[in-house]
Amino acid sequence: MGMKVLVVGGGGREHAIVWKVSKSPKVDKIYCAPGNAGIASLAECVDIAPMEFEKLADFAEKNQIDLTIVGMDDPLVGGIVDVFEARGLRVFGPRKNAAVLEGSKAFSKDLMKKYGIPTAAYEVFSSAESALAYLRTEASFPIVLKASGLALGKGVLICENLKQAEDGVQELMVDKKFGSAGDQLVIEQFMTGREVSVLSFVDGNIVKTMASAQDHKRAKDGDQGLNTGGMGNFSPTPFYTEEIDAYCQKNIFQPTVDAMKAEGRPFKGVIFFGLMLTDDGPKVLEYNARFGDPEAQVVLPRMKNDLVDVCEACIDGTLDQVDLQFTDDACVTVVLASDGYPVSYKKGFPIRGLENFDGKEGYVCFHAGTKFNEKGEIVTNGGRVLDVTALGKDLHEARANAYKAVDWVDFDNKYYRHDIAHAIDEFKG
């Protein structure tokens with residue numbers, strides 16, 4: 001009998017994970033909780049919420065699931081892995097005491113300071129009064145305010161002056177725009193440079209990096225507008241050179257894994273390194289404890305290995321035996337969003353043209369926010385709706401292919417950025 005795999009989550013990242021798992025010759029059956037309308041074509045969707053750990057573990061036991069892959073940050077930070085492990089279930093992802101690497105920016109900044117991992121200078125505050133006093137007396141602008149807890153990738157404010165910073169403290173710590181995520185505030189030096197994402201597999205002892213990627217966080221063309229969960233992505237990024245990689249492997253990647261182990265928090269799963277390539281060298285902006293979204297959508301299509309093999313090696317501590325490989329081509333994903341995202345938007349609009357992706361080699365449309373309506377039509381069900389993804393021999397071709405494919409699908413209030421991967425035009429190499 002082949003394996004049964006459960007994926008936890010229901011967005012574009014989870015669709016990419018399910019899609020990649022479906023290519024494994026070892027796997028017979030995939031479940032996804034809760035999944036979405038696109039995932040439903042590859043997996044059986046299960047109506048259990050990602051934070052219902054006991055119900056998910058019950059399901060895994062009853063259905064004899066061989067491997068559970070947790071896609072999302074909230075359940076990992078909440079301790080889903082501990083619940084599964086306590087029942088003897090195999091699960092891919094960090095335990096609660098390791099997922100704190102993403103769950104608390106205060107923890108991760110203190111870890112970097114203690115172990116000499118390059119990052120921006122910072123202070124941590126537990127009260128609005130102390131944060132305001134610091135801003136009024138010692139801060140230099142621009143400055144960055146970060147809610148310490150999980151805030152859907154949006155709890156970061158770049159403040160140009162004291163007034164903006166005071167408003168930011170009010171928003172995060174007093175009005176609690178992101179709830180308890182704002183109980184602690186990290187105030188850090190503003191860094192300039194290119195932002196690069198490097199995803200990595202970790203088995204508690206060693207780290208193996210995946211192909212680099214670069215995100216577009218802002219809602220509008222020209223990197224204008226509000227911060228979002230990500231409007232598009234490309235891989236590899238030409239700015240992440242072999243020289244930078246060598247520096248990061250030695251000074252950031254392995255030292256982070258060693259630091260977590262030394263703290264009695266061995267990390268198994270995916271560490272997402274958010275890096276800023278500054279004039280003083282690469283520095284860590286943030287850590288995430290899972291695949292990025294939409295980074296997974298551009299990295300997994302380039303991965304040659306069987307994802308199941310790599311996940312199992314991380315769980316078993318045998319990652320050193322895996323030869324992790326990626327193709328030489330490039331991948332670009334363009335997020336089709338609901339107009340008005342990330343603030344307010346309507347949903348429930350039928351999506352037309354999804355069949356245009358059927359059988360097209362090198363193109364895939366990952367569903368980020370979709371569901372079936374009562375008529376059985378696939379409709380929009382989120383701010384980010386679809387991730388139109390295409391491969392190409394290089395970034396220019398992959399981008400052209402992705403934008404060609406954007407026209408294959410349509411829905412009312414469809415919105416997207418027209419300049420994803422524009423940075424590659426500035427690359428002189």
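# Close-up views of the predicted model

**View 1. His 15 is buried, since its relative accessibility is 5%.** Buried here means under 20% relative accessible area, exposed means over 50%, and partly exposed lies in between (1.4 Å probe, protein chains only). This is a predicted model, in which local features need pLDDT of at least 70 and side-chain atom pairs count only at pLDDT 80 or more, while totals for chains, interfaces and linings use all residues. Residues are numbered from 1 along each chain as its sequence is written, and side-chain values use heavy atoms, with hydrogens and water left out. You will find His 15 in helix α1 (residues 12–21); helices (H or I, at least four residues) and strands (E, at least two) are DSSP runs, numbered from the N terminus. A polar atom of the His 15 side chain lies 2.7 Å from the backbone nitrogen of His 367. Leaving out residues up to four places away in sequence, His 15 touches Gly 38, Ile 39, Leu 42, Cys 365, Phe 366 and His 367, where a contact means heavy atoms within 4.5 Å.

**View 2. Leu 275 sits among the best-connected members of the largest nonpolar core.** A nonpolar core is a set of buried Ala, Val, Leu, Ile, Met, Phe, Trp, Tyr and Cys residues joined through side-chain atoms within 4.5 Å. This one has 79 residues, and those touching the most other members are Ile 80, Phe 253, Leu 275, Val 332 and Leu 386. Helix α9 (residues 242–262) contributes the most to this core, with seven residues. Beyond residues up to four places away in sequence, the contacts of Leu 275 include Val 196, Val 198, Tyr 240, Cys 248, Ile 252 and Phe 253. Arg 194, Glu 195 and Lys 283 are also among the residues that Leu 275 touches. There is a second, separate core of 43 residues, with Val 7, Phe 92, Ala 211 and Val 298 among its members.

**View 3. Strand β15 pairs with β10 and with β16.** Two strands pair if DSSP finds at least two bridges between them. Strand β15 is mostly covered, with 10 of its 11 residues buried. With strand β10 (residues 194–203), β15 pairs in the antiparallel sense over 10 bridges, and here Leu 199 stands opposite Phe 272 in β15. Seven bridges join β15 to strand β16 (residues 281–288), again running antiparallel. Look for Gly 274, whose bridge partner in β16 is Glu 286. β15 and β16 make a hairpin with two residues between them.

**View 4. Four strands make an open antiparallel sheet in the order β6-β9-β7-β8.** At the edges are β6 (122–125) and β8 (156–159), each pairing on one side only. From one strand to the next, the twist averages 20°. Inside the sheet, strand β7 (residues 143–147) and strand β9 (residues 185–189) run antiparallel and are joined by five bridges. One handy pair to pick out is Lys 146, with Val 186 as its bridge partner in β9. Helix α6 (residues 105–115) packs on the sheet, touching β6, β7 and β9, and the direction of α6 makes about 140° with that of β6. (Axes are lines fitted to C-alpha atoms, for helices over the stretch in contact, and angles run from 0 to 180 degrees between N-to-C directions.)

**View 5. Lys 26 and Asp 309 form a salt bridge.** A salt bridge is a side-chain nitrogen of Lys or Arg within 4 Å of a carboxyl oxygen of Asp or Glu, and the whole structure holds 27 of them. In the Lys 26 and Asp 309 pair, the closest N and O atoms are 2.4 Å apart. Lys 26 lies in the loop between α1 and β2 (27–34) and Asp 309 in helix α11 (residues 307–316), so the pair ties together parts 283 residues apart in sequence. Lys 26 is partly exposed at 38% relative accessibility, and Asp 309 is partly exposed at 34%.

**View 6. Lys 114 with Glu 263 and Asp 223 with Arg 417 are two further salt bridges.** Lys 114 and Glu 263 meet at 2.7 Å, N to O, linking helix α6 to the loop between α9 and β15 (268–278), 149 residues apart. Lys 114 is exposed at 57% relative accessibility, whereas Glu 263 is partly exposed at 28%. Asp 223 and Arg 417 meet at 2.9 Å, N to O. Here Asp 223 is partly exposed at 36%, while Arg 417 is buried at 0%.

Methods: A polar contact is a pair of N or O atoms within 3.5 Å; within protein, one must be able to donate a hydrogen and the other to accept it, and residues adjacent in sequence count only if both atoms are side-chain atoms.
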